[in-house]
Amino acid sequence: MSLKEIKNRIASVSNTRKTTSAMKMVSSVKLRKAQQSIQTALPYVRQLDHILSSLSAMPQAGLLSPLVVSREVKRTAVVCFSSDSSLCGAFNGNIIRHSRSLIAKLSDSGESPLVYTVGERITDAFRKEGLEADTGYSGMMEKRVYGQAVSLADELMDMYLKGVIDKVVLSYTHFRSAGSQQIVDTVLLPVSVETGGSRYANDYILEPSAEQLIETLLPKVIRMKLYSAVLDSYASEQAARVVAMQAATENADKLIGELTLQYNKLRQQAITSELLDLAGGSQNN
């Protein structure tokens, strides 16, 4: 490699480093905002679960809602979450492989999965593979609008109540920390309600009735859990991108150092060769 080629390579890697460094900073800002969104949403979901558990444990609660009653699973709806863009390390590849494996496992067990994709990367991957999936909500990750999550949750609840599906599973990447994300499969329907034992067994007088309150709260719980999965997956995406861009920036720094060292050695050799030529010419004269 000539001096000019090495110099051009250093300039090219330096430009790439500027891009990865900028993307890392942008993703860091997005990650902080995503963490704030999760920290705001999760306490609300926990409180809804707490209220629902309290109501379900009361003597006057009566019959449970169809949304919490388990039945024989003949068809499962799987909602898979990915990102809309790339450059986030193995984030998309891992969730695509996991979702593919989950769908194959359900198919082998005879549960006839109905697949929904949220995120352009997993939608494109399944489309290329010829895997049938409902892609109507694939653009949800772009703006993460609560109304879109409500539409999907309501559609799933309607199909569950009509008996079209018997179970709903959310497959997404859970944000544990900035350096750790974990793929999880969460059952959305039927809703699991913990009665909490005798702590909630007090016979309060409720207006409206406990049954009516449960019927009102259950859809809210389901909608918020699905929306929380969207926020959780988005935070994991940004964390993965921060790590990937940090690694890319460090690799660029290392490569620039190696190229600079190679450039200096070749330049030193060229100067030494020129000096030897001059010395040899002066001796001949």
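## Exercises on a predicted model

L87 is found in the loop between strand 1 (76–81) and helix 2. The model is predicted, so let's work through it with that in mind.

**Exercise 1.** Determine which sign phi of L87 has.

*Solution.* Start with the usual case: most residues other than glycine have a negative phi, and most peptide bonds are trans. Now turn to L87, where phi is near 60 degrees. That value is positive, in a residue other than glycine.

**Exercise 2.** Find out whether the peptide bond from L189 to P190 is cis or trans, and locate P190.

*Solution.* Check omega first: for the bond from L189 to P190 it is near 0 degrees, and the bond is cis. Then place the proline: P190 sits in the loop between strand 4 and helix 6.

**Exercise 3.** Describe how helix 2 and helix 3 pack.

*Solution.* Two packed helices are described by the angle between their axes and the distance between the axes.

1. Helix 2 (residues 91–108) and helix 3 (residues 120–129) pack at an angle of about 50 degrees, and their axes are 10 Å apart.
2. Helix 2 is therefore oblique to helix 3.
3. The two helices, 2 and 3, make a right-handed crossing.
4. On the helix 2 side, the contact uses N92, I95, I96, S99, R100 and I103; these meet R121, I122, A125, F126 and E129 of helix 3.
5. Sorted by type, the residues of this contact are six nonpolar, two polar and three charged.

**Exercise 4.** Characterise the largest pocket and work out which elements line it.

*Solution.* Begin with volume: the largest pocket holds about 330 Å³ of space. Its lining has 16 residues, and L42, V45, Y172, K225 and S228 are the closest to the centre. Next, assign elements: helix 1 (3–56), strand 3 (167–177), strand 4 (180–189) and helix 6 (210–284) each give at least two lining residues. Helix 1 has the largest share, with six residues. Finally, classify the lining: nine residues are nonpolar, three polar and four charged.

Conventions
Residues numbered from 1 in each chain as written. Predicted model: local features only at pLDDT ≥ 70, side-chain atom pairs only at ≥ 80, totals over all residues. Heavy atoms only, no water. 1 Å grid on protein atoms, 1.4 Å probe; cavity = no way out; pocket = protein on both sides within 12 Å on 5 of 7 lines; lining within 4 Å. Points joined across faces, edges and corners; volume = space filled by probe spheres on them. Helix = DSSP H or I, 4+ residues; strand = E, 2+ residues; numbered from the N terminus. Nonpolar A, V, L, I, M, F, W, Y, C, P; charged D, E, K, R; others polar. Axes fitted to C-alpha atoms, helices over the stretch in contact; angles between N-to-C directions. Parallel < 35°, antiparallel > 145°, perpendicular 65-115°, else oblique. Left-handed = near helix turned anticlockwise from the far one by under 90°. Contact = heavy atoms within 4.5 Å.
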